Amino acid sequence: VEALPEDTNCLCNLAAGSIERTLGVVVEKEGLMFSELLHSEKTTATYPPAFTRLLHHLLLPTGLNLRNIISHGYLHPVPLPYVKLLVIVALRVHAGAYPKRVKLVPQANLHTPLRNITSFFEGNPFPAPYETFSDAVKNLSQEDVEHLPLGRFNDLVKAVTYPTPEGAMFRLVPILEMIVRSRYCEATENWGMMETQIGEYFATLDGHGQRHEHAVMLHEPPLTDNLPPPITAALKDLFLSEDGP
C-alpha cells in the first residue's frame, strides 16, 4: 500500500469487493444486498461485536458508506488512511471466515457466450483512422471522452493499458459507471445524481436484482434511447445479464 499510492482507488475497490464476497461465503446465501450480509445473524455470530460495528460504520450508508462511494466511482482519489484501514479490515474478514472452511460460492461463468458482445465487436468498433484498440488508446485525449468526470482521464488511460485483465477491471468499472452516470444525468436533467446524496440511493450501472429499490441506469429509456444500440446491448450483457459477469 505504501509503495502504490496511485492505486488507492483500485486497492479500496478490491478490498470492498473481497469483504462482500467473503461475507457471502459466511452467510452461505446468494443474492443478498450488502447491508443484508452485514446484518445477517451468521455475520454477527462469526465476528466480535466491536469489529461488526466497525464494518457497519465504514461500509454502510449509516456511516462512511465507503463500499458504495468507492465501488460506484464517487470517491476519487481515496485517502491513503482509508486504503490501509479497508485492506486490514478485508484481511480480518477473510481470517474470520477461513476457520469455518465453508464451501465457496461459485463464481459467474465468464466463458458463457453473451448475446450481444460478439456483434458489438464485429467489424471495427474504433473510430477512423484507428485500426486497433492500442492505436485508439495511444491517441486518446480528454476531449475525446466527453462525459468523463474531471480528473479521471489519467485513471482511464491507466485502466485500459494495465497489463492484467483483473487489474484493468478493478480500475475501469468505477470509471465506466461514472461516464454512464454522466450520460444518465444529462438525459434525465438530474445532475444531482453525479454526487452522493445523504439518505438517497444511487443510480447504478449494475444492481438488476435491486431495481425496485433504486434506479438502474440501463433500465431507464432516457439513457438507453440516447446511447448507440450496440453500446446499450453490450452494457446490458456485461452488467444485467444473469449469464454475464
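In this predicted model, helices α1 and α6 pack with their axes 9 Å apart and at an angle of about 25°. An angle under 35 degrees counts as roughly parallel, so α1 and α6 are roughly parallel to each other. The crossing of α1 past α6 is left-handed. On the α1 side, the contact is formed by Thr 8, Leu 11, Cys 12, Ala 15, Ser 18, Ile 19, Thr 22, Leu 23 and Val 26. On the α6 side, Leu 80, Tyr 82, Val 83, Leu 86, Val 87, Val 89, Ala 90, Val 93, His 94 and Ala 97 take part.

Helix α1 itself covers residues 8-27. Most of α1 is covered, with 14 of its 20 residues buried. Its length was checked against its residue count. At 1.5 Å a residue, a span of 28 Å is expected for the 20 residues of α1. The end C-alpha atoms of α1 are 28 Å apart, so the two values agree. Glu 28 follows α1 and has a positive phi, near 60°.

Asn 9 belongs to α1. Its relative accessible area is 18%. Buried means under 20%, so Asn 9 is buried. Beyond its neighbours within four places in sequence, Asn 9 contacts Ile 70, Leu 75, His 76, Pro 77, Val 78 and Arg 152. The C-alpha atoms of Asn 9 and Leu 80 are separated by 9.4 Å, although the two residues lie 71 residues apart along the chain. Leu 80 also appears among the α6 residues that meet α1.

Helix α4 also packs against α6. The axes of α4 and α6 come within 12 Å and cross at roughly 135°. The two helices are therefore oblique to each other. The crossing of α4 past α6 is left-handed. Phe 51, Leu 54, Leu 55, Leu 58 and Leu 59 make the contact from α4. Their partners in α6 are Leu 85, Leu 86, Val 89, Arg 92 and Val 93. Leu 86, Val 89 and Val 93 of α6 are thus listed in the contact with α4 and in the contact with α1.

Within α4 (residues 49-59), the buried residues are Phe 51, Thr 52, Leu 55, His 56, Leu 58 and Leu 59. These buried residues pack against α1, α2 (34-39), α3 (41-46), α5 (66-71) and α6 (80-97). His 56 is buried, with a relative accessible area of 18%. Residues up to four places away aside, His 56 touches Leu 38, His 39, Thr 62 and Gly 63.

The loop between α4 and α5 contains Asn 65. Phi of Asn 65 is positive, near 60°, in a residue other than glycine. Most residues other than glycine have a negative phi. Asn 65 is buried, with a relative accessible area of 11%. A second positive phi is found at Glu 189, with a value near 55°. Glu 189 sits in the loop between α10 and α11. Unlike the buried Asn 65, Glu 189 is exposed, with a relative accessible area of 70%.

Further along the chain, helix α9 (residues 153-160) packs against helix α10 (residues 165-188). Their axes come within 8 Å and cross at roughly 140°. The crossing is left-handed. Asp 155, Leu 156, Ala 159 and Val 160 of α9 make the contact with Ala 168, Arg 171, Leu 172 and Ile 175 of α10.

Helix α11 (residues 221-224) includes Thr 224. Thr 224 is buried, with a relative accessible area of 17%. Neighbours within four places in sequence aside, Thr 224 contacts Leu 218, Thr 232 and Lys 236.

Over the protein chain, the secondary structure comes to 12 helices and 0 strands. Of the 245 residues, 40% are buried. Among contacts between residues at least 6 apart in sequence, 59% join residues at least 24 apart. The exposed surface of the protein chain is about 14,300 Å², of which carbon and sulfur atoms supply 57%.

Key
Residues are numbered from 1 along each chain as its sequence is written. This is a predicted model: local features need pLDDT of at least 70, side-chain atom pairs count only at pLDDT 80 or more; totals for chains, interfaces and linings use all residues. Side-chain values use heavy atoms; hydrogens and water are left out. Buried means under 20% relative accessible area, exposed over 50%, partly exposed in between (1.4 Å probe, protein chains only). Helices (H or I, at least four residues) and strands (E, at least two) are DSSP runs, numbered from the N terminus. Contact means heavy atoms within 4.5 Å. The expected span of a helix is 1.5 Å times one less than its number of residues. Accessible areas come from the Shrake-Rupley method with a 1.4 Å probe; for residues, only the protein chains shown count as cover. Axes are lines fitted to C-alpha atoms, for helices over the stretch in contact, and angles run from 0 to 180 degrees between N-to-C directions. Angles under 35 degrees count as roughly parallel, over 145 as roughly antiparallel, 65 to 115 as roughly perpendicular and the rest as oblique. A crossing is left-handed if the near helix is turned anticlockwise from the far one by less than a right angle, and right-handed if clockwise.
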